[in-house]
Each structure stands twice: as C-alpha cells, then as structure tokens.
Amino acid sequence: MTVESTAARKPRRSAGTKRTAAKKPPGAQPELVQLLTPEGKRVKNGEYDAYVADITPEELRGLYRDMVLTRRFDAEATSLQRQGELGLWASLLGQEAAQIGSGRATREDDYVFPTYREHGVAWCRGVDPTNLLGMFRGVNNGGWDPNSNNFHLYTIVIGSQTLHATGYAMGVAKDGADSAVIAYFGDGASSQGDVAESFTFSAVYNAPVVFFCQNNQWAISEPTERQSRVPLYQRAQGYGFPGVRVDGNDVLACLAVTKWALERARRGEGPTLVEAYTYRMGAHTTSDDPTKYRADEEREAWEAKDPIQRLRTYLEASNHADEGFFAELEAESEALGRRVREVVRAMPDPDHFAIFENVYADGHALVDEERAQFAAYQASFADEGEGK
C-alpha cells in the first residue's frame with residue numbers, strides 16, 4: 001500500500017478560477033498505510049515494514065489481548081452508565097487498533113497527553129482501567145497520578161491538550177532528553193485554534209511531539225467533509241512537517257507508523273501528524289444518538305473492517321493462536337468485566353452540592369439561592385419515598 005505524500009505539489013489555478021472540493025468516485029478508498037487488510041491478509045510496505053519486522057507471535061497475541069480487553073472494559077462502562085452508575089461515558093468502540101497500536105509504540109519515558117476517549121492508550125500505559133471511571137461518576141477529577149505512568153489526566157476541553165503536549169515537548173528538547181511526546185485528539189478537535197497554535201509552535205521550535213489524530217469520521221454529528229477540504233494529514237505540510245494517513249483499524253500499521261514518528265521525534269527531527277483513519281462505531285458519548293445523523297449502511301460497511309476480527313483472522317491463518325488462547329482470553333475478559341462492575345458499585349456517590357463550591361471566592365447570593373432550591377429538589381425525592 002502507498003501513502004500520499006504531504007509534499008506533493010498541485011498545479012496552480014489561474015486567477016479567477018472557481019475552486020471546488022475534489023470528490024472521490026463512488027466506492028473509492030482513501031490511500032493510507034496498511035499492513036493488514038480487513039480480510040486479515042498481511043501486505044508489504046517498503047517504508048514501514050521494518051518497524052514491525054521483528055514482531056513475535058507472542059507480541060501479536062498481546063496486541064489482540066489488549067484490544068479484546070479494552071473493548072470489554074469499554075462495553076462494561078457503557079452498560080454501567082445506562083444503569084445510572086456513571087454520569088457519562090465516551091466509548092472507544094471501533095478505535096481499538098488506533099489506540100493499542102500507537103500506545104504500544106511508546107516507550108516508558110515518553111509522555112502521553114490524551115483527550116477523554118483514550119481508554120486503550122491508558123491500558124497500554126499501565127493505568128488501572130477502573131481508575132478512569134471515577135471522573136465519569138463524578139467522585140474525582142482523574143483518579144491517577146499522571147507522573148506515575150507518564151499519562152496525563154483526561155482533557156475535556158477540546159484540543160487544549162495539544163498545547164500542553166507541545167509545551168512539554170519543548171521542555172524535553174531544552175533538557176536534552178531523547179524521549180518523545182504524543183498528543184491524542186479527534187477530527188473535530190483538528191478544527192480548533194489550539195491545535196493550529198500547537199502545530200505552529202511545535203514546527204518553529206522543532207518540538208519532539210507526535211500529533212495523533214483519530215479521524216473517526218464524525219465530530220459528534222458533523223462529518224469530516226464539513227470540517228476540511230483536504231485529508232486531515234495534509235494540513236501538516238502548511239506547517240512544514242510530515243503528515244501520514246494510516247489505516248486506523250489496522251493495529252500493525254498504527255504500531256509501525258507511530259514507532260516511525262516517535263523515533264524521528266527522538267532524533268530531533270521535529271513533529272509529525274499521524275491521521276488514523278478509523279470509525280466511531282458507537283455514540284459520541286452516551287448522551288448522543290448517532291441514528292439521528294448517520295445511516296445504518298455506513299456503520300455496517302465499517303463493521304466489515306473491524307480491527308479485532310482482522311487480527312484474529314491473521315492469527316488463525318498464521319497458526320499464531322489456537323482455541324485454547326481464545327478461550328483463556330474470554331475467561332480473562334469475563335473476570336475483567338466483573339471487577340469493573342464491582343469497583344464502580346463500591347465507589348461513593350458523588351457530592352451533589354459540590355457544584356456550588358468555588359464558584360465565587362467570597363460566596364454569592366444567587367449561588368446561595370440556587371443551592372437552597374437544589375436542596376429542596378433533592379429533599380422532594382426523600383419525601384416521595386416516605387409517602388409524604
């Protein structure tokens with residue numbers, strides 16, 4: 001497979017010529033780096049094969065295990081939110097390969113800046129998955145020490161973590177360290193000014209940072225074509241650094257391309273934009289209903305590209321995994337599901353009145369009034385229970 005070069009030159013337009021967005025013929029597929037087809041066939045790529053050339057059957061099984069357990073954790077969290085145990089949940093369903101492949105490409109001394117959907121990357125960095133759930137239950141602001149795993153707390157403000165990552169990477173360069181930084185964001189965040197500023201500063205200061213954009217096709221209900229006239233990875237050329245589009249449902253390709261990008265960052269060659277072309281199989285969050293804005297046929301087409309199934313097909317065809325492995329993993333998955341449910345249900349209920357604290361330094365009459373109204377509202381449920 002080939003990758004479109006961000007350095008490719010386009011013919012000049014004559015003055016006054018109306019510019020129209022290029023359209024692909026029906027059924028056309030984007031060009032991207034791919035090492036494992038949706039059918040589970042291994043394909044060669046002269047530029048990136050070297051980065052996975054020494055991968056062992058055990059490591060391949062490890063990637064499969066990572067994706068399966070991450071998906072199970074995500075499914076349990078979604079279910080717990082539906083049962084009222086979490087206030088909200090942002091599912092990663094369909095994006096497992098992008099997160100596990102890129103996450104496993106990082107070194108222990110690299111630093112990761114996530115958004116709020118990088119549950120698979122957190123898994124790769126050794127963060128206990130149950131620690132991710134406290135914030136979504138409203139009992140803490142994160143639940144883990146970022147410096148213990150070099151994995152920053154989740155960032156809810158769209159795109160701002162790219163600025164944090166760029167500043168951190170500039171500091172890494174000034175310290176003379178050979179580690180790298182990776183910042184995750186989505187296609188929607190790519191339209192934010194913070195991301196544009198991050199690109200500018202990282203390029204000017206040659207910061208050792210990888211911008212990993214998971215293009216899951218939808219910024220909540222806004223499709224990618226409403227956000228950009230060109231493929232997202234091509235934006236990098238305007239800032240003077242490389243951009244690569246990778247099959248985001250191919251865990252091997254994501255692993256290889258991210259390794260390449262991180263290595264060039266560590267060598268002092270500056271930033272890289274990686275666009276992982278994938279699909280958000282579920283809702284944006286559990287407060288969203290994607291059936292309102294996208295067709296079932298689109299989702300079904302992406303189901304055929306499922307990242308877990310394609311690796312399983314490859315493992316079976318290559319005799320790298322047997323039924324005993326899959327059965328053992330299923331049992332491990334069930335155990336993880338039980339642990340997640342038990343941990344969440346043992347968490348305290350959030351303090352409903354915490355939202356009124358620290359609004360004003362010296363208090364405010366309006367906040368006091370709203371607190372009293374909310375207290376009366378909460379008390380009404382107790383009164384109903386007592387039959388009053």
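Glutamine 95 sits in the loop between helix 1 (57-82) and helix 2, in what is a predicted model. Is this loop residue buried or exposed? Glutamine 95 counts as buried because its relative accessibility is 1%, and the cut-off for that label is under 20%. Let's start there and work outwards.

**Around glutamine 95**
- Setting aside neighbours within four places in sequence, glutamine 95 is in contact with Arg117, Gln214, Asn216, Thr278, Tyr279 and Arg280.
- Next comes helix 2, which spans residues 96-105 and is mostly covered, with nine of its 10 residues buried.
- Among those buried residues of helix 2 are Glu96, Gln99, Ile100 and Ala105.

**Leucine 69, over in helix 1**
- Leucine 69 belongs to helix 1, and it is buried because its relative accessible area is just 1%.
- Which residues does leucine 69 touch, if you skip those up to four places away in sequence? They are Trp123, Leu329, Glu332, Ser333 and Leu336.
- If you'd like a sense of scale, leucine 69 and alanine 90 are 21 residues apart in sequence, and their C-alpha atoms are 17 Å apart in space.

**The nonpolar cores**
- The largest nonpolar core is made of 67 residues, and Tyr64, Leu133 and Leu311 have the most contacts inside it.
- Helix 8 (residues 251-266) gives the most to this core, chipping in 11 residues.
- Take Leucine 133 as an example: not counting residues up to four places away in sequence, it touches Phe73, Ala77, Leu86, Trp89, Val340, Val344 and Met347.
- There's also a second, separate core of 20 residues, including Phe113, Ala183, Phe211 and Leu232.

**The second largest pocket**
- Rolling a probe the size of a water molecule over the atoms shows where empty space is left.
- How much space lies in the second largest pocket? The answer is about 320 Å³.
- This pocket is lined by 23 residues, and the closest to its centre are Tyr116, Arg117, Gly186, Ala189 and His284.
- Arg117 has turned up before, as one of the contacts of glutamine 95.
- Strand 2 (181-186) and strand 4 (218-219) each supply at least two residues of the lining.
- By type, the lining splits into nine nonpolar, 10 polar and four charged residues.

**What the record says**
- An unreviewed UniProt entry carries the annotation "domain: Dehydrogenase E1 component", covering residues 65-334.
- Over residues 65-334, the chain is 44% helix and 11% strand.
- The C-alpha atoms at the two ends of that stretch are 13 Å apart.

Methods
Residues numbered from 1 in each chain as written. Predicted model: local features only at pLDDT ≥ 70, side-chain atom pairs only at ≥ 80, totals over all residues. Heavy atoms only, no water. UniProt positions renumbered as here; feature names shortened; annotations may be inferred. Helix = DSSP H or I, 4+ residues; strand = E, 2+ residues; numbered from the N terminus. Core = buried A, V, L, I, M, F, W, Y, C linked by side-chain atoms within 4.5 Å. Buried < 20%, exposed > 50% of the residue type's maximum accessible area, 1.4 Å probe, protein only. Contact = heavy atoms within 4.5 Å. 1 Å grid on protein atoms, 1.4 Å probe; cavity = no way out; pocket = protein on both sides within 12 Å on 5 of 7 lines; lining within 4 Å. Points joined across faces, edges and corners; volume = space filled by probe spheres on them. Nonpolar A, V, L, I, M, F, W, Y, C, P; charged D, E, K, R; others polar.
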